[in-house]
Amino acid sequence: MSVATDREARYPRPDVPATPWTGRDDGPGAENLRWHHAVHLDPERAAPGDVAFVGFRSDEGVRRNKGRPGAANGPDALRRALASMALPKPLRAFDAGDIEVAGDGEDALETGQQRLGRLVAALVDRGHPVMVLGGGHEVAYGSYCGLERTRALREGGRLGVLNLDAHFDLRDDVRPSSGTPFLQIARSEERHGREFGYWVLGVSQPSNTQRLFHTADRLGVRYLPDTECGLPALARTEAFVDEFLASCDIVHLSIDLDVLPAAVAPGVSAPAAYGVPMEVVERVCHRVAASGKLAVCDIAELNPEFDVDQRTARAGARLVHRMATARM
C-alpha cells in the first residue's frame, strides 16, 4: 500500500479548505498563545487527545427545510472568530479540512453526510475529540454516521445525543433535511437494536408543532423547554445535564446556534424570539466537555450572511473555546 493510500485509509481525504487560522500576535511564549498558534493543518502530526476540527459546508438540508441558505459559509466564519481567541494554556489542535456538499443533486447531501461520517469515525478511533463546524443542522446526522462506525459503539458503549436547540428536528419528511437528523438517528439506532438516547435542551413550544411533540414522546425523548432554562433555573438545567451524562458512555453534543436569543445569535436560519441565555449554554457545554465523555460536537446553522458584527460566529467560537479548554 502506498503512503498516500495508507493515509486515505486512516483519514478519508476531505476537500482542502482556505483555512483562516491567522490573527493577532502579541509575541512569543505561552503567555501570548492564541488559537491560530495552536492549530496546524497536518493530521499526520496529530497525537491522540489533540482536538480535531472538521468543516461541513452544506446548505442543502436548510434549503430542503425551506430555511435561509448560507450555512455553507459557517465553517470559515467560526474558524476566523476562534483564531484570535487567547488560550489560557498550551493546547494542541489540527484542522482536518472541509467536507463540501456540492450542488443539489438527488443524493448530494446524503453522500456528503457519509463522507463526513467516514472522516469523523477515523478521527474518533484515533483518540481525537472532534469539533464539526457548520453547516445546516443536517450535519448532526453526518456526525452520527461517524459515531456509529466507531469501535466504542461497536463494542457496546451507550451513545447519548444531547441537542441544544429550539427545535426537535424530528420531522418525518420524504427527503432528509436539516429538520430530520434526529429521526434518522432514531431509526438507525432501532435497526441496530440500541436504545435511542436523545435529550433536547432549549425546545421552543411555538417553534414545534404538536405532531413533533407527539413524535418526541413516542420515541422517549427527554427535553427541557427554553422557558425552564433561564439563569434562575440553572440548578434544574444542570440536573438535567447530569442525568443525561449518567445515562450514557459516549456523548454526541449537537449545538444549533438558534438555541441562543436572536440578539446573541442573529445569523441563523431561524432566529429565536426567546432562546436560552449564553451564560447557561456555555455552562452546559463546559459541563459536558469536563465529563470526559464528549466524542463529537457539531456546531450548526451559523449563517454569516445574516450575522451582525460577527455576534453569532463569536458566540459559536466561544462555545468551542470553552469546551476545548475544559479539558485542560
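**Reasoning about two aspartates and a helix pair**

Me: Where is D169 found?
Reply: In this predicted model, D169 is found in the loop between β5 (159-164) and α8 (181-191).

Me: Why is D169 called buried?
Reply: The relative accessible area of D169 is 8%, and buried means under 20%, so D169 meets the condition and is called buried. D169 also has a positive phi of about 55°, although this residue is not a glycine.

Me: What makes D309 exposed?
Reply: D309, which is found in the loop between β9 (294-300) and α12, has a relative accessible area of 62%. Exposed means over 50%, and D309 is therefore counted as exposed. Like D169, it is not a glycine, yet D309 has a positive phi of about 55°.

Me: How do you know that α4 and α12 are roughly perpendicular to each other?
Reply: Helix α4 (residues 74-83) and helix α12 (residues 311-325) pack at an angle of about 65°, and their axes are 8 Å apart. Angles of 65 to 115 degrees count as roughly perpendicular, and therefore this term is used for α4 and α12.

Me: Which residues make the contact between α4 and α12?
Reply: On α4 they are A77, L78, A81 and L82, while α12 contributes A313, R314, G316, A317, V320 and H321. These residues divide into seven nonpolar, two polar and one charged.

Me: Which residues touch the most other members of the largest nonpolar core?
Reply: In this core of 58 residues, they are W35, F53, L164, L253, I255 and M323. Leaving aside residues up to four places away in sequence, L253 touches several residues, including L162, L164, C285 and M323.

How values were computed: Residues are numbered from 1 along each chain as its sequence is written. This is a predicted model: local features need pLDDT of at least 70, side-chain atom pairs count only at pLDDT 80 or more; totals for chains, interfaces and linings use all residues. Side-chain values use heavy atoms; hydrogens and water are left out. Axes are lines fitted to C-alpha atoms, for helices over the stretch in contact, and angles run from 0 to 180 degrees between N-to-C directions. Helices (H or I, at least four residues) and strands (E, at least two) are DSSP runs, numbered from the N terminus. Angles under 35 degrees count as roughly parallel, over 145 as roughly antiparallel, 65 to 115 as roughly perpendicular and the rest as oblique. Contact means heavy atoms within 4.5 Å. Ala, Val, Leu, Ile, Met, Phe, Trp, Tyr, Cys and Pro count as nonpolar, Asp, Glu, Lys and Arg as charged, and the others, Gly among them, as polar. A nonpolar core is a set of buried Ala, Val, Leu, Ile, Met, Phe, Trp, Tyr and Cys residues joined through side-chain atoms within 4.5 Å. Buried means under 20% relative accessible area, exposed over 50%, partly exposed in between (1.4 Å probe, protein chains only).
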